[in-house]
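This briefing covers a ligand, the residues around it, and the pockets of the protein. Please look over the sequence and the structure before reading on.

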Amino acid sequence: MARVQAEPYEFEFEPATTALLVIDMQRDFVDPGGFGEALGNDVSLLRKAIAPTKRVLDAARSAKMLVIHTREGHRPDLSDLPPSKKARGKLKAGIGDPGPMGRILVRGEYGHDIIDELKPLPGEPVMDKPGKGAFYATDLDAMLKNRGVQQLVVCGVTTEVCVNSSVREANDRGYDCLVLEDCVASYFPEFQLMALRMIKAQGGIFGWVSDSRKFLAALRS
Ligand code: C5J
């Protein structure tokens, strides 16, 4: 049993029954010149999470933990894109439209794919999700249950949107989630802070919060 110093209290996990979930580290959110930046966001805030996430990814792979990557996006015919999501924001170039890195958040497009630094290895499941939460309209729950996974270590973007949605969904399904604060990121520093506080508040109402250094130390010990 490994033990990570965390808030609100120590997180105990068995690597064999724990998966690393890397959420939406896609070019369109994280890379300069993508959709996120075109919307006026400072992607350097998200890019800070890349190096610590890579260290966690490498360690999880060495520990033979299950690694699952997610990507937010839609079918090329947009049949899984709710009209409300398409309309939201009244954007000049929104989901499905031509963007700086191909059609925005459309599967198969360059911008939709995971950044080179965190490329999935062959055999690592990549979960395409049409929503913010990783469990909505995906087979993630079945995949975790089939492999006996009970706990999740969570990295990715953005902290208050897809990370928070996925952690809440996981919590309701009975998974313990450990969120690594330097491996998740937001375009908005105040949301980063509050989204993490919401997870660990009230005795860990949605889960635990720690950081990559403490997680790596626990995995080594
Ligand atoms: C957003 C995400 N922010 N992956 N997606 O739209 O958090």
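How far is a nitrogen atom of the ligand from an N or O atom in the side chain of Asp24? The distance is 2.8 Å in this model, which is predicted. The ligand sits in the largest pocket, and that pocket has a volume of about 630 Å³. The points below take the ligand, then the largest pocket, then the second largest pocket.

**Ligand contacts**

- Asp24 is one of the residues around the ligand, and its side chain has an N or O atom 2.8 Å from a ligand nitrogen.
- The side chain of Glu72 offers an N or O atom at 2.9 Å from a nitrogen atom of the ligand.
- At Val157 the partner is a polar backbone atom, which lies 3.1 Å from a nitrogen atom of the ligand.
- The ligand exposes 230 Å² when taken alone, and the protein buries 86% of that.

**Residues around the ligand**

- The surrounding residues are Asp24, Phe29, Glu72, Lys132, Val157, Thr158, Val161 and Cys162.
- Sorted by class, this shell holds four nonpolar residues, one polar residue and three charged residues.

**Largest pocket**

- The lining of the largest pocket consists of 25 residues.
- Nearest the centre of the largest pocket lie Phe35, Leu39, Glu72, Lys132 and Val161.
- Glu72, Lys132 and Val161 are also among the residues around the ligand.
- At least two lining residues come from each of helix H2 (35–38), helix H5 (83–87) and helix H7 (159–172).
- The lining of the largest pocket divides into 12 nonpolar, six polar and seven charged residues.

**Second largest pocket**

- The second largest pocket holds about 160 Å³ of space.
- Its lining is made up of Leu45, Lys48, Ala49, Pro52, Glu181, Asp182, Val184, Ala185, Ser186, Pro189 and Gln192.
- Strand E9 (176–185) and helix H8 (189–204) are the elements that give two or more residues to this lining.
- Strand E9 gives the most to the lining of the second largest pocket, with four residues.
- By class, the lining of the second largest pocket has six nonpolar, two polar and three charged residues.

Terms used: Residues numbered from 1 in each chain as written. Predicted model: local features only at pLDDT ≥ 70, side-chain atom pairs only at ≥ 80, totals over all residues. Heavy atoms only, no water. Near = heavy atom within 4 Å. Polar contact = N/O pair within 3.5 Å; in protein donor to acceptor, adjacent residues only side chain to side chain. Areas by Shrake-Rupley, 256 points an atom, 1.4 Å probe, with all protein chains shown as cover. 1 Å grid on protein atoms, 1.4 Å probe; cavity = no way out; pocket = protein on both sides within 12 Å on 5 of 7 lines; lining within 4 Å. Sits in = over half its atoms within 2 Å of the grid points. Nonpolar A, V, L, I, M, F, W, Y, C, P; charged D, E, K, R; others polar. Points joined across faces, edges and corners; volume = space filled by probe spheres on them.
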